[in-house]
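Thanks, everyone. I'll take you through one structure, piece by piece. Here it is.

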Amino acid sequence: MPDHIRLIIKHAFIGLGISVAFTAMILYFNVGNLWHLVTHTAEGPIAVVMLIVFGTITFGSAQIGYKIMSMGEETDEDDGQGGKRDALPVLDAVAIPVRAEQRRT
């Protein structure tokens with residue numbers, strides 16, 4: 001399996017773990033009385049599955065994005081000083097005469 005696919009799958013599973021933990025904490029702390037709603041309705045398990053699935057999409061994407069963006073490396077060309085510090089061109093403001101019609105009263 002290619003390395004980049006392995007990296008994406010690995011961090012997607014990390015996102016799944018974060019999502020399961022997040023859903024468990026929401027249910028444990030009974031945020032918005034969600035525990036009662038989940039345990040006392042027929043659609044409760046579907047709601048838990050949806051929380052986990054959409055949480056996995058969210059946290060997995062954030063985890064993959066974080067890992068990919070942190071993979072950058074500095075080159076010798078940069079010297080750690082950032083971009084160029086050239087003076088920015090500044091244009092002086094010039095007044096432009098504009099005719100205005102007299103107001104009607």
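Let's start in a loop. N33 is found in the loop between α1 and α2. One caution before going further: this is a predicted model.

What is the phi of N33? About 55 degrees, so to speak on the positive side, although N33 is not a glycine. Most residues other than glycine have a negative phi. The accessibility of N33 is 39% in relative terms, so the residue counts as partly exposed.

N33 has company. N30 lies in the loop between α1 and α2 as well, with α2 covering 34–39. Its phi is near 55 degrees, again a positive value in a residue other than glycine. With a relative accessible area of 33%, N30 is partly exposed.

Now the helices on either side. Helix α1 takes in residues 3–28, and helix α3 takes in residues 44–69. Two packed helices are described by the angle between their axes and the distance between the axes. How do the axes of α1 and α3 cross? They come within 7 Å, and the crossing angle is roughly 135 degrees. That makes α1 oblique to α3, because angles over 145 would be needed to count as roughly antiparallel. The hand of the α1 and α3 crossing is right-handed.

What classes of residue make up that contact? Between α1 and α3 there are 15 nonpolar residues, eight polar ones and one charged one.

Next, the aromatics. How many aromatic pairs does the structure hold? Two. A pair of aromatic rings is described by the distance of the centres and the angle of the planes.

Take F22 and F59. Their ring centres are 5.4 Å apart. Their planes stand at 65 degrees, so this pair is edge-to-face. F22 sits in helix α1 and F59 in helix α3, so the pair ties together parts that are 37 residues apart in sequence. Are these two buried or exposed? F22 counts as partly exposed, at 39% relative accessibility. F59 is partly exposed too, with a relative accessible area of 25%.

The other rings belong to Y28 and F29. Here the centres are 5.1 Å apart and the planes are at 80 degrees, so this pair is also edge-to-face. Y28 is exposed, and F29 is exposed as well.

Back to helix α3 for one residue: V53 is found there. Its relative accessible area is 42%, so V53 is partly exposed. How far is V53 from G15? In sequence, 38 residues; in space, 10 Å, C-alpha to C-alpha.

Last topic, charges. How many salt bridges are there? The count comes to one. D3 forms it with R6, and the closest N and O atoms are 3.3 Å apart. The cut-off for a salt bridge is 4 Å. D3 and R6 are three residues apart in helix α1, so about one helical turn separates them. At 59% relative accessibility, D3 counts as exposed. R6 counts as partly exposed, at 44%.

To recap. The axes of α1 and α3 cross at roughly 135 degrees. F22 in helix α1 and F59 in helix α3 form a pair that ties those parts together. D3 and R6 form a salt bridge. N30 and N33 carry the positive phi values I showed. That's my tour; over to you.

Terms used:
Residues are numbered from 1 along each chain as its sequence is written. This is a predicted model: local features need pLDDT of at least 70, side-chain atom pairs count only at pLDDT 80 or more; totals for chains, interfaces and linings use all residues. Side-chain values use heavy atoms; hydrogens and water are left out. Axes are lines fitted to C-alpha atoms, for helices over the stretch in contact, and angles run from 0 to 180 degrees between N-to-C directions. Helices (H or I, at least four residues) and strands (E, at least two) are DSSP runs, numbered from the N terminus. Angles under 35 degrees count as roughly parallel, over 145 as roughly antiparallel, 65 to 115 as roughly perpendicular and the rest as oblique. A crossing is left-handed if the near helix is turned anticlockwise from the far one by less than a right angle, and right-handed if clockwise. Ala, Val, Leu, Ile, Met, Phe, Trp, Tyr, Cys and Pro count as nonpolar, Asp, Glu, Lys and Arg as charged, and the others, Gly among them, as polar. Rings of Phe, Tyr and Trp (its six-membered ring) pair if their centres lie within 6.5 Å; planes under 30 degrees apart count as stacked, over 60 as edge-to-face and the rest as tilted. Buried means under 20% relative accessible area, exposed over 50%, partly exposed in between (1.4 Å probe, protein chains only). A salt bridge is a side-chain nitrogen of Lys or Arg within 4 Å of a carboxyl oxygen of Asp or Glu.
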